[in-house]
Amino acid sequence: NFSNRELEDYKLALPKDGAWQVRFNSGWQGYSPDFKDQESPDVKVDGGQGSIRLSPYSLLILSQ
């Protein structure tokens, strides 16, 4: 997310249906007290699409 606003229901396409876990969240406050520490729950993908919450200026890494 390269914007200064939270994206609550960001749709994304993933190559395989099922559960995808957040493995890295750059918005975690452990990296800086300036970060919001917004929780980004795991994603359930159905039909190749899922949705996720993204903090401002953050990066998430997901895997199955």
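How accessible is Phe35: buried, partly exposed or exposed? The first point below takes up this residue, and the later points turn to the other features of the predicted model.

1. Phe35. The residue is partly exposed, with a relative accessible area of 33%. Buried residues would lie under 20% and exposed ones over 50%, so a value of 33% places Phe35 in the class between them. Phe35 belongs to the loop between β2 and β3. Its C-alpha atom lies 31 Å from that of Asp46, although the two residues are 11 apart in sequence.

2. The nonpolar surface patch. Phe35 does not stand alone on the surface: together with Trp28 and Tyr31 it forms a nonpolar patch. The three residues have about 330 Å² of accessible area together. Tyr31 is placed in the loop between β2 (18-25) and β3 (43-45), and the loop between β2 and β3 also holds Phe35. With a relative accessibility of 46%, Tyr31 counts as partly exposed.

3. Asp42. The loop between β2 and β3 also contains Asp42. This residue is partly exposed, at 48% relative accessibility. Between the C-alpha atoms of Asp42 and Glu6 there is a separation of 17 Å, the two residues being 36 apart along the chain.

4. Lys44. Strand β3 contains Lys44, which counts as exposed because its relative accessibility is 70%. Across 25 residues of sequence, the C-alpha atom of Lys44 comes to 4.6 Å from that of Ala19. The reader may wish to set this pair beside Phe35 and Asp46, which are 11 residues apart in sequence and 31 Å apart in space, C-alpha to C-alpha.

5. Salt bridges: the network. How many salt bridges does a search of the whole structure find? The search gives 3. Glu6, Glu8 and Arg53 are linked in a network of such bridges. In one of its contacts, the side chains of Arg53 and Glu6 meet at 3.5 Å, N to O. Arg53 lies in strand β4 and Glu6 in the segment before β1, so this pair ties together parts of the chain that are 47 residues apart in sequence. Arg53 also forms a salt bridge with Glu8, where the closest N and O atoms are 3.9 Å apart. That pair, too, links distant parts of the chain, with Glu8 in strand β1 and Arg53 in strand β4, 45 residues apart.

6. Accessibility within the network. Are the members of this network buried, partly exposed or exposed? Arg53 is partly exposed, with a relative accessible area of 30%. Glu6 is likewise partly exposed, at 30% relative accessibility. Glu8, in contrast, counts as exposed, because its relative accessibility is 54% and the exposed class begins over 50%.

7. The Asp9 and Lys11 bridge. A salt bridge also joins the side chains of Asp9 and Lys11, at 3.0 Å, N to O. Both partners are partly exposed: Asp9 has a relative accessibility of 47%, and Lys11 has a relative accessible area of 48%.

8. The largest pocket. About 160 Å³ of space lies in the largest pocket. Its lining is made up of Asn1, Tyr10, Leu12, Ile52, Leu54, Ser58, Leu59, Leu60 and Leu62. Which elements give two or more residues to this lining? They are β1 (7-13), β4 (49-54) and β5 (60-63). By character, the lining residues divide into 7 nonpolar and 2 polar, with no charged residue.

9. Tyr57. A backbone feature deserves a separate remark: Tyr57 has a positive phi of about 50°, although this residue is not a glycine. Tyr57 is situated in the loop between β4 and β5. It counts as exposed, with 57% relative accessibility.

Note on methods
Residues are numbered from 1 along each chain as its sequence is written. This is a predicted model: local features need pLDDT of at least 70, side-chain atom pairs count only at pLDDT 80 or more; totals for chains, interfaces and linings use all residues. Side-chain values use heavy atoms; hydrogens and water are left out. Patches are made of residues with over 30% relative accessible area and no salt bridge: like charges are joined within 9 Å, nonpolar side chains (Val, Leu, Ile, Met, Phe, Trp, Tyr) within 5 Å. Accessible areas come from the Shrake-Rupley method with a 1.4 Å probe; for residues, only the protein chains shown count as cover. A salt bridge is a side-chain nitrogen of Lys or Arg within 4 Å of a carboxyl oxygen of Asp or Glu. Helices (H or I, at least four residues) and strands (E, at least two) are DSSP runs, numbered from the N terminus. Buried means under 20% relative accessible area, exposed over 50%, partly exposed in between (1.4 Å probe, protein chains only). On a 1 Å grid over the protein atoms alone, a cavity is a set of points where a 1.4 Å probe fits but cannot get out, and a pocket is an open set with protein on both sides within 12 Å along at least five of seven lines; lining residues have an atom within 4 Å of a point. Grid points are joined across faces, edges and corners, and a volume is the space filled by probe spheres set on the points. Ala, Val, Leu, Ile, Met, Phe, Trp, Tyr, Cys and Pro count as nonpolar, Asp, Glu, Lys and Arg as charged, and the others, Gly among them, as polar.
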